[in-house]
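Subject: A structure to look through

Dear colleague,

Here is the structure I promised to hand over, with the sequence alongside. Please open it first, and then read my notes below with the model in view.

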Amino acid sequence: MQEFFDSYPVLSKLALGFGGMLAGVAGTIVQNRRPLLTYSVSHTQIGMSANDEVHGQVEVRYQGNVVQNLYLSVIEIRNRSIRDLENLDIKTFRGIANMAMLTEQSVIESSIEPVRLTQDYLNRIATDSEWEQAVREAGTDREPENAQRLARDFDFRTGQRHYLIPVLNRGQVARITYLTALGANPGGPAIWMTCQSKGVRVKHKPYPQATTHLLGVPLQHAGIAGLFVGTIIAIGFASQVAAHWIVASGCYLIGAFASVPGAATLRAYDWVRAKLIG
């Protein structure tokens, strides 16, 4: 290496300068990129009301009311930034009109703290509940104006949640589990999330489908990447070895295990991309 620098001083200076410039740009990108939150949602059906000719009538009830479909819906919010985030203003809301977000339970991994509702949200719920109790006791809840407000309040209470997460460290996950009710909808329930905190990006990240993985990479992707990586390795290996049988044996082994360097390459690529652009 030193002989190369001595033989081509101008080229070596340019190469070092270009490398330093790339390192500086990469450092600036990492330092200035916006924090990223990703969220994943899963739904598990736990009950269904039906009137079947064979099994008869089945009813699922929540607090005495019949619901057509009952689910456990889980949303996982992950901090994928390289920094710890504070005072995250999170809003979750339903994506389907005939769906209701009922009770909830939450936890922040590696912490004893739950995900807490904002004080403004709690105050509105308390105000609405007091007004609802008053109009029902007065017997005026069926009046058109009061009935419309009762419907709006119910829609707000069962259609969205507002949270304030004091701290979510890098890589940490906040998990919220809802009991959700859904009317007739073949697509199932839907829950979305936004973050109102300044400069924080939000990205929906679906759970991966069940498939065979190697080093956390789908085997098919690892094989395609391994084909290119293995070709480069094989060319370099063949150019340095004179014995044909050694070259043939080496190329055979490279081809047989090409998925391993392919998976490692894709993992390295994902790590670099996550650090640079999120």
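I would begin at Val41, which touches Val74, Ile75, Ile191 and Tyr207 when residues up to four places away in sequence are not counted. Please keep in mind throughout that this is a predicted model. Val41 is found in strand E1, residues 36–48, and because its relative accessibility is 18%, under the cut-off of 20%, it counts as buried. One of its contacts deserves a second look, since Val41 and Ile191 are 150 residues apart along the chain, yet their C-alpha atoms are separated by 7.1 Å.

Next comes an open sheet, in which four strands are arranged in the order E9-E10-E7-E12 with antiparallel pairing. Strands E9 and E12 (191–195) stand at the edges and have a single partner strand each, so one side of each is left without a neighbour in the sheet. Further in, strand E7 (residues 85–94) pairs with E10 in the antiparallel sense over eight bridges, and if you would like to find one particular pair, the bridge partner of Lys91 is His162 in E10. As general background, the strands of a sheet pair through backbone hydrogen bonds, either parallel or antiparallel. Helix H4 lies across E7 and E10, and it runs at about 35 degrees to E10.

The helix that I followed in most detail is H3. At 1.5 Å a residue, its 20 residues (119–138) should span 28 Å, and the end C-alpha atoms are 29 Å apart, which agrees. Which residues of H3 are buried? They are Tyr121, Ile125, Asp128, Trp131, Glu132 and Val135, and because they cover an arc of only 135 degrees around the axis, they are on the same side of H3. These buried residues pack against strand E9 (116–117), helix H4 (144–159) and strand E10 (160–168), whereas the face turned away from the buried side carries the exposed residues Gln119, Glu130, Glu137 and Ala138. Just after H3, Gly139 takes a positive phi of about 75 degrees.

Finally, please look at Asp153, which lies in helix H4 and is buried, with a relative accessible area of 5%. Leaving aside residues up to four places away in sequence, Asp153 touches Arg124, Asp128 and Trp131; of these, Asp128 and Trp131 are among the buried residues of H3 listed above.

With best wishes

Methods:
Residues numbered from 1 in each chain as written. Predicted model: local features only at pLDDT ≥ 70, side-chain atom pairs only at ≥ 80, totals over all residues. Heavy atoms only, no water. Helix = DSSP H or I, 4+ residues; strand = E, 2+ residues; numbered from the N terminus. Expected span 1.5 Å × (residues − 1). Buried < 20%, exposed > 50% of the residue type's maximum accessible area, 1.4 Å probe, protein only. Arc of directions from axis to C-beta. Contact = heavy atoms within 4.5 Å. Pairing = 2+ DSSP bridges. Axes fitted to C-alpha atoms, helices over the stretch in contact; angles between N-to-C directions.
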